Each structure stands twice: as C-alpha cells, then as structure tokens.
Amino acid sequence: MNDIIMALGSNQNQVENINSAKVALQKHFTSARFTASIWSEPVGMESTERFLNCLCRVTSEDDIDCINGFLKRTEKEIGRTSDNSKQGKIAIDIDILKFNDAIMHESDWKRGYIKELIKHI
C-alpha cells in the first residue's frame, strides 16, 4: 500500500473548486483525509487572486503514474486549462508532494502554507 500526500490549490472560485477536488479525491480514494484550508499569496506567477490551499493524505495500491493520470483528469474536469494556467488562472492544481518515501516538488516544501499544513496531516 502506497502512502501519498498531495497539495491542492486554487485561485479561481477557490472554495467551490477545492470542494469539488475533495469530492473527486474522496470518491477515488476512500482513505482520503484533508487538512483545513488556508489562504496564501501567489508564488512565482502573476496573479491578483490569492490561493486557497489544503493537503490531502491517501493510501492506494495504484502506482504513481496511475495516480498522476487521475489527478490531471480531475484538474481538467474542474476546469483547469493550459490557456488559463498561462494567464495565472488556476481552477485547481493537485500535486503529489510525497509518494511513500519519495519527496516530490521539493521547492513547495519550503512554502509557508505547506510547512503549516504538513503539521496537521
């Protein structure tokens, strides 16, 4: 069984899109557990909108490629497009931060909201 931690973020219809992502993750992973959501300023992008963020922890027998495919499909279903992303409009972003012992998106671990939320996962 794989232990996975994911980061969720949105700067467009934030509450609605984070909730939609949570529903999709709970349907796919019955073990899904979420932190509280917190607001953050955009990092490394032009955006006038703040992000709403939370973390999710799941266990799954699926491999990382299968999970990433599911996450990308979920992002598209919620409304993420490459054109909007280029404009700094992120309907939803779901990234795997940790897959078992493998750390992903290492720079994200330095962000204040990740440091705060990881305490509660």
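This passage describes the overall fold, the central strand pairing and the salt bridges of a predicted protein model.

The model is predicted, so local features were accepted only at pLDDT of at least 70 and side-chain atom pairs only at pLDDT 80 or more, whereas totals for chains, interfaces and linings use all residues. Residues are numbered from 1 along each chain as its sequence is written, and side-chain values rest on heavy atoms, with hydrogens and water left out.

To begin with the whole, the protein contains 4 helices and 6 strands, where helices (H or I, at least four residues) and strands (E, at least two) are DSSP runs numbered from the N terminus. Read from the N terminus, the order of elements is β-α-β-β-β-α-α-β-β-α. The radius of gyration, taken over C-alpha atoms, is 13 Å, which agrees with the value near 14 Å that a compact globule of 121 residues would have; the globule rule is 2.2 Å times the number of residues to the power 0.38. The C-alpha trace spans about 40 × 30 × 20 Å along its principal axes. Of the 121 residues, 40% count as buried; here buried means under 20% relative accessible area, exposed over 50%, and partly exposed in between (1.4 Å probe, protein chains only). Among contacts between residues at least 6 apart in sequence, 67% join residues at least 24 apart, a contact being heavy atoms within 4.5 Å.

Strand β4 (residues 51-60) offers a good place to look more closely. Of its 10 residues, 8 are buried, and β4 pairs with several strands, including β1, β2 and β3. Two strands are said to pair if DSSP finds at least two bridges between them. Strand β1 (residues 2-10) runs antiparallel to β4 over 9 bridges, with G9 having N53 as its bridge partner. Antiparallel pairing also joins β4 to β2 (residues 33-34) over 2 bridges and to β3 (residues 38-40) over 3 bridges. In the β2 pairing, F34 stands opposite C56, while I38 of β3 stands opposite N53. Within β4 lies S60, which counts as buried because its relative accessibility is 6%. A polar atom of the S60 side chain lies 2.9 Å from the backbone nitrogen of D62. Leaving aside residues up to four places away in sequence, S60 touches M1, N2, I4, F29 and I67.

Turning to charged side chains, a search of the whole structure finds 6 salt bridges, each defined as a side-chain nitrogen of Lys or Arg within 4 Å of a carboxyl oxygen of Asp or Glu. One of them joins K72 and E75 at 3.4 Å, N to O. These two residues are 3 apart in helix α2, and therefore separated by about one helical turn. K72 is partly exposed at 38% relative accessibility, whereas E75 is buried at 4%. Both belong to a network of salt bridges that also links R80 and D93. A further salt bridge is formed by D108 and R111, whose closest N and O atoms are 3.4 Å apart; D108 is buried at 9% relative accessibility, while R111 is partly exposed at 24%. E116 and K119 also meet in a salt bridge, at 3.3 Å from N to O. Of this pair, E116 is partly exposed at 35% and K119 is exposed at 62%.

Methods: A polar contact is a pair of N or O atoms within 3.5 Å; within protein, one must be able to donate a hydrogen and the other to accept it, and residues adjacent in sequence count only if both atoms are side-chain atoms.
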